[in-house]
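Me: Please take a close look at a single part of this model, starting from one side chain and working outwards to its surroundings. A connected account would serve better than a list.

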Amino acid sequence: MIIDAHGHLGTWPDFLIPEPTAAGMVGLMDRAGIDMIGISHLLAVGPDAVAGNELALAAAAEFPGRFGVWQVYNPHHRTPLATEGVWGVKIHPDVHQCRLDDPRYEPVFELGLPVLSHGQTDSPWSDPSQFAEVARRHSRIPLLMGHSGLWPYGFARAARFSSEHPNLYLETCGSKATGRWIARLVELAGARKVVYGSDACFLDLRVGYGRVALAPLSDADRALVLGGNLARILELSP
């Protein structure tokens, strides 16, 4: 299966999102050959995590087998979290201005589910060094570093942290990522530590997929990045 780890539905005030709907996403996935995508609703990332999480779950129910749900946790509101019917938890330290290593995220890690977090090199909220600390603190929880740190000058450092912590994974989406950099992440962190994501509908799903599909990788490594690793992390059946 080809599984996109990082997607969204809905609209956002700072960006034009021409097609924010679940039906539109599934249509694009069908054209590109993407089997599943993990979504968090942008309403949940923004002002209303509870209502946004309900919208994400409704989309998953409307299109069975196409969406996995990353329920969003707002550390200031202590958002109620589910343990069934979701892939895991999405957190965005920069939007919520709460450091990834802040104790207010402890309820997230106590669930025991995989966690996908926005990651941004040199951010006071989500620098890769904080991922390393949280991965050490919660060594049994799969932790996905969204964007692999976002900025190319920090990719190698993010990969080093990933290689040092078995539960810390690099996720590839971002407008600064390239096929060559994805191959370099695989080289530095290991093919089993890199997970494909697109950041659709913020970014074009086809571009994110194309970077991995055309990256200078072996077929075996490409298969791991495009879905094998995430299927293993989430314990998804083929």
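Reply:

**From a serine to the sheet around it**

S162 is located in helix 7, which spans residues 155-164. The model is a predicted one, and the description below applies to it as such. The relative accessible area of S162 is 0%, so this residue counts as buried, the limit for that class being under 20%. What does the side chain of S162 reach? One of its polar atoms lies 2.7 Å from the backbone oxygen of L168. When residues up to four places away in sequence are left out, S162 touches L168, Y169, L170, A189 and K193.

L168, Y169 and L170 lead directly to strand 7, which comprises residues 168-171. Which residues of strand 7 are buried on each side? L168 and L170 are buried on one side, and Y169 and E171 are buried on the other, so that both faces of the strand are covered. In a regular strand, side chains alternate between the two faces of the sheet. Strand 7 runs parallel to strand 6 (residues 143-146), and three bridges join the two. Within this pairing, M145 stands opposite L170 of strand 7.

The chain between strand 6 and helix 7 also deserves attention. S148 belongs to this loop, and L150 lies in the loop between strand 6 and helix 7 as well. Most residues other than glycine have a negative phi. S148, which is not a glycine, nevertheless has a positive phi near 55 degrees, and for L150, again not a glycine, phi is positive at about 75 degrees. With a relative accessibility of 1%, S148 counts as buried. L150 is buried too, its relative accessible area being 15%.

The wider setting is an open sheet of eight strands in the order 1-2-3-4-5-6-7-8, paired in parallel. Strand 1 (3-9) and strand 8 (194-195) stand at the edges, each with a single partner strand, so one side of each has no neighbour in the sheet. Strands of a sheet pair through backbone hydrogen bonds.

Further along the sheet, strand 3 (residues 67-72) runs parallel to strand 4 (residues 88-91), and three bridges connect them. The bridge partner of W70 in strand 4 is G88. Q71 also has its place in strand 3 and is buried, with a relative accessible area of 4%. The side chain of Q71 comes to 2.7 Å from the backbone oxygen of A82. Apart from residues up to four places away in sequence, Q71 touches N53, P80, L81, A82, V86, G88, V89, K90, L111 and L113.

Helix 1 (residues 22-32) lies across strand 1, strand 2 (36-41) and strand 3, and it runs at about 135 degrees to strand 3. In strand 2 sits I39, which counts as buried at 1% relative accessibility. Neighbours within four places in sequence aside, I39 is in contact with G7, H8, L9, A56, A59, F67, G68, V69 and W70.

I39 also gives a link to a distant part of the chain: I39 and C201 are 162 residues apart in sequence, yet their C-alpha atoms are 9.6 Å apart in space. C201 is found in the loop between strand 8 and helix 9. Most peptide bonds are trans. The bond from A200 to C201, however, is cis, with omega near 5 degrees.

Beyond that loop, the axes of helix 9 (residues 205-213) and helix 10 (residues 219-234) come within 10 Å and cross at roughly 155 degrees. This crossing makes helix 9 roughly antiparallel to helix 10, a term that applies to angles over 145 degrees. Which residues form the contact? Y209, V212 and A213 of helix 9 meet R222, V225 and L226 of helix 10. The residues of this contact comprise five nonpolar, no polar and one charged.

Key:
Residues are numbered from 1 along each chain as its sequence is written. This is a predicted model: local features need pLDDT of at least 70, side-chain atom pairs count only at pLDDT 80 or more; totals for chains, interfaces and linings use all residues. Side-chain values use heavy atoms; hydrogens and water are left out. Axes are lines fitted to C-alpha atoms, for helices over the stretch in contact, and angles run from 0 to 180 degrees between N-to-C directions. Helices (H or I, at least four residues) and strands (E, at least two) are DSSP runs, numbered from the N terminus. Angles under 35 degrees count as roughly parallel, over 145 as roughly antiparallel, 65 to 115 as roughly perpendicular and the rest as oblique. Contact means heavy atoms within 4.5 Å. Ala, Val, Leu, Ile, Met, Phe, Trp, Tyr, Cys and Pro count as nonpolar, Asp, Glu, Lys and Arg as charged, and the others, Gly among them, as polar. Buried means under 20% relative accessible area, exposed over 50%, partly exposed in between (1.4 Å probe, protein chains only). A polar contact is a pair of N or O atoms within 3.5 Å; within protein, one must be able to donate a hydrogen and the other to accept it, and residues adjacent in sequence count only if both atoms are side-chain atoms. Two strands pair if DSSP finds at least two bridges between them.
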